[in-house]
Every structure is written in structure tokens, then in C-alpha cells.
Amino acid sequence: QHVQIVRQMVSKIERKNQNGTLRQGGVKFHGKYSGTYLFMCVGDADLPLRVCYEVLDDIEHETPGGDLKSVLRGRMADYYDPKSDDIVRVRGEIEEVEGVMMDDIDKEMERQERLD
């Protein structure tokens, strides 16, 4: 089944620096053709597209002259850590600040009630 997806991906992506994504059930197959290689990333359907293509870009730029296996191990360890995603990290910080602000507002309202 995955071989079929790869064949579809290869047929969809022209032989010039191009990206493509195919969905099969709850999984997305992302491909990037660059030079003589087709780089592919398989992820859950809810994994942000930008993360998948960031992985592909990193692998593409790290691979020439390097050991693909060690590059993949290092990159996957980085990308499986949710803290490495800047947007997820910033959203967490925003939620934290919102919580502090709500607490401050509640305290100020209680203070106003006591003064009244």
C-alpha cells in the first residue's frame, strides 16, 4: 500500500524542485523533489504541514556528503520533541500569560468588591 503512495507521489511531482502531499486515511505522505533525490516524510494527518516540510528541508540540506542514517536519527529526535516547535512553544507561553492576566483581573475585582 505504501509503495502505491510513493509511486503516486513520484508521478505527481515533476522533476523540478517541487513539493507534494497525498493523504491516505489518517496519514499524510509529503514529498519534496530536489536535484536527484525525492525526500519523503510520513506523518499523522494532524501534524502541521510546515513541520513536515521543515523536516524535509533540513534533511535535504544536511544530507549531501553526510551519512543519511545519522542525519535522520538526529532530526527525528529533534522533531519528535514538541518543545522544538516554536509555534507550539509560543502558544503555550500565551496561554500561561492569559492565565496570569485572568487571575490578576479576578483579584482586582475582589479588591473592588471589598472597597465598595
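The side chains of E60 and K32 come together in a salt bridge, with N and O 2.6 Å apart. This is a predicted model, and that contact is a good place to enter it. The two partners sit in distant parts of the chain: E60 belongs to helix α2 and K32 to strand β2, 28 residues apart. Both E60 and K32 are buried.

K32 has a second acidic partner. Its side chain also meets that of D57 in a salt bridge, at 2.3 Å from N to O. Since K32 lies in strand β2 and D57 in helix α2 (residues 49-62), this pair ties together parts of the chain that are 25 residues apart in sequence. How do the two ends compare in exposure? K32 counts as buried at 12% relative accessibility, because buried means under 20%. D57, at 30%, counts as partly exposed.

The total number of salt bridges comes to 3. The remaining one to mention is in helix α4, where R111 pairs with E108 and the closest N and O atoms are 3.4 Å apart. What separates R111 and E108 along the helix? They are 3 residues apart in helix α4, so about one helical turn lies between them. R111 is partly exposed, with a relative accessible area of 41%, and E108 is partly exposed too, at 37%. As for K32, D57 and E60, salt bridges with shared partners join them into one network.

Here are the salt bridges side by side:

| Pair | N to O distance |
|---|---|
| K32 and D57 | 2.3 Å |
| E60 and K32 | 2.6 Å |
| R111 and E108 | 3.4 Å |

Now for the strands, starting with the one that holds K32. Strand β2 (residues 27-34) runs antiparallel to strand β1 (residues 18-24), and 7 bridges join the two. On its other pairing, β2 is joined to strand β3 (residues 37-44) by 8 bridges, again in an antiparallel arrangement. So which residues face each other? T21 has H30 as its bridge partner in β2, while G31 stands opposite M40 in β3. In general, side chains in a regular strand alternate between the two faces of the sheet.

The turns are worth a look as well. The hairpin of β1 and β2 has 2 residues between the strands, and G25 there takes a positive phi near 65°. In the hairpin of β2 and β3, also with 2 residues between the strands, G35 takes a positive phi near 65°.

Back to helix α4, which spans residues 86-115 and includes D106. Which residues make up the patch of negative charge on the surface? D103, D104, D106, E110, E113 and D116 gather there. D106 counts as partly exposed because its relative accessibility is 42%, between the 20% and 50% limits.

There is a nonpolar patch on the surface too, formed by M102, I105 and M109, with about 310 Å² of accessible area together. M102 is another residue of helix α4. Is M102 buried or exposed? With a relative accessible area of 52%, M102 is exposed, since the cut-off for that is over 50%.

To pull the threads together: K32 in β2 meets D57 of helix α2 and also E60 of that helix. Helix α4 holds the pair R111 and E108, along with D106 from the negative patch and M102 from the nonpolar one.

Terms used
Residues are numbered from 1 along each chain as its sequence is written. This is a predicted model: local features need pLDDT of at least 70, side-chain atom pairs count only at pLDDT 80 or more; totals for chains, interfaces and linings use all residues. Side-chain values use heavy atoms; hydrogens and water are left out. Two strands pair if DSSP finds at least two bridges between them. Helices (H or I, at least four residues) and strands (E, at least two) are DSSP runs, numbered from the N terminus. Patches are made of residues with over 30% relative accessible area and no salt bridge: like charges are joined within 9 Å, nonpolar side chains (Val, Leu, Ile, Met, Phe, Trp, Tyr) within 5 Å. Accessible areas come from the Shrake-Rupley method with a 1.4 Å probe; for residues, only the protein chains shown count as cover. A salt bridge is a side-chain nitrogen of Lys or Arg within 4 Å of a carboxyl oxygen of Asp or Glu. Lys and Arg count as positive and Asp and Glu as negative; His and the chain ends are not counted. The place of a charge is taken as NZ of Lys, CZ of Arg, CG of Asp or CD of Glu. Buried means under 20% relative accessible area, exposed over 50%, partly exposed in between (1.4 Å probe, protein chains only).
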